[in-house]
Amino acid sequence: MPEGDTIFRTARALGRALAGKQVTGFRSTYPLLTRFNDDTPLAGQTVEQVESRGKWLLLHFSGGGTLATHMLMSGSWHIYRPGERWQQPRANMRIVVENSDYCAVGFRVPVAKMLKPHELARALKIPSPATDVLSEAFDAAGAVRRVLAHRDEEIGDVLLHQEVMAGVGNVFKSEICFVTGINPFCKVAALDLEKVATVVVTAQELMKANVLEDSGDAIVTYAGRKRRTTNELDPSASLWVYGRRDEPCRQCGERIRRRIQGPDARVTFWCQRCQPMPGGTDVDG
Ligand SMILES: [Zn+2]
């Protein structure tokens, strides 16, 4: 599943192609979107802003409607010049937004809805900018309070709760824990306020570093590799622990562990020596 950094970069690219420009065409295979467009034609309206909120991507139209999409595992947005050949079959097309310069195509986007302003404000699943790690409006102190409220849960699970911090996915989860020296299986109750604040700041820093203009598609947290490349054969080469089971820790040489964690059975990577459990009750992997 794409993490928040991917959606942020997609929103930025879509914004450059669509924002401030008049829509010349809109098509969708989703009846609810087509019906909305029949009632309130999007052609003739302007795309005011393209925004990412955690793993959601929002297109705000001048008529007041917002197209909210979530990629889950399968979806992607492509931007083409008019007449350019698409890189996916027509059958995968779900949404098309066109202007005179570009054609934005949402392929296999599994979740898509048109929301009026009051519906957007009430859509509980769509994070507010204050909870979005990559938003200018991110409220770090609020995120610290929300993490601390899950005191009986393991920090590795809490980092994936989108209502706590939107945008953090499974790769960043393991990386954030490593960089802060926290064992991902440690209960939040065992962490003090300062430690939790460090986790939140680190989440923000690692994710922001991955949405710089020269960021490629691969997540980079390990600075030992200077050059970012978009066609990385082994994505874990630029990470501290994720995907590096049994390989030596980049900091201490200990073998990296891997274990399934939490109610959603997500895979977690960590170093036993750099990230000890408080009290020495180690989890093995
Ligand atoms: Zn280590």
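The exercises below work through parts of a predicted model, each with a solution in steps.

In this predicted model, local features need pLDDT of at least 70 and side-chain atom pairs count only at pLDDT 80 or more, whereas totals for chains, interfaces and linings use all residues. Residues are numbered from 1 along each chain as its sequence is written, and side-chain values use heavy atoms, with hydrogens and water left out.

**Exercise 1.** Work out how E9 and E10 pair, and whether strand E10 is open or largely enclosed.

*Solution.* Begin with the term: strands are DSSP runs of at least two residues (E), helices are runs of at least four (H or I), and both are numbered from the N terminus. Two strands pair if DSSP finds at least two bridges between them. E9 and E10 pair in the antiparallel sense over six bridges, and within this pairing Ile260 stands opposite Val267 of E10. The two strands form a hairpin with four residues between them, and Gly262 in the turn has a positive phi of about 80 degrees. For the last step, buried means under 20% relative accessible area, exposed means over 50%, and partly exposed lies in between (1.4 Å probe, protein chains only). Five of the six residues of strand E10 (residues 266-271) are buried, so the strand is largely enclosed by the rest of the structure.

**Exercise 2.** Find the order of the strands in the open sheet of four strands, and name the edge strands.

*Solution.* The order of this open sheet is E1-E6-E7-E5, with antiparallel pairing. Its edge strands are E1 (25-28) and E5, each of which pairs on one side only. Neighbouring strands of the sheet are turned by 15 degrees against each other on average, direction ignored, where the axes are lines fitted to C-alpha atoms, for helices over the stretch in contact, and angles run from 0 to 180 degrees between N-to-C directions. Looking at one pair, E1 is joined to strand E6 (residues 93-98) by four bridges, and Phe26 has Val97 in E6 as its bridge partner. Finally, helix H1 (residues 4-18) lies across E5, E6 and E7 and runs at about 30 degrees to E5; contact here means heavy atoms within 4.5 Å.

**Exercise 3.** For Arg108 and then for Asp246, locate the residue, give its phi and decide how accessible it is.

*Solution.* Arg108 is found in the loop between strand E7 (103-107) and strand E8 (111-115). Its phi is near 45 degrees, a positive value in a residue other than glycine. Because its relative accessibility is 40%, Arg108 counts as partly exposed. Asp246 lies in the loop between helix H7 (193-209) and strand E9 (256-261), and its phi, near 70 degrees, is likewise positive in a residue other than glycine. Since its relative accessibility is 49%, Asp246 counts as partly exposed.
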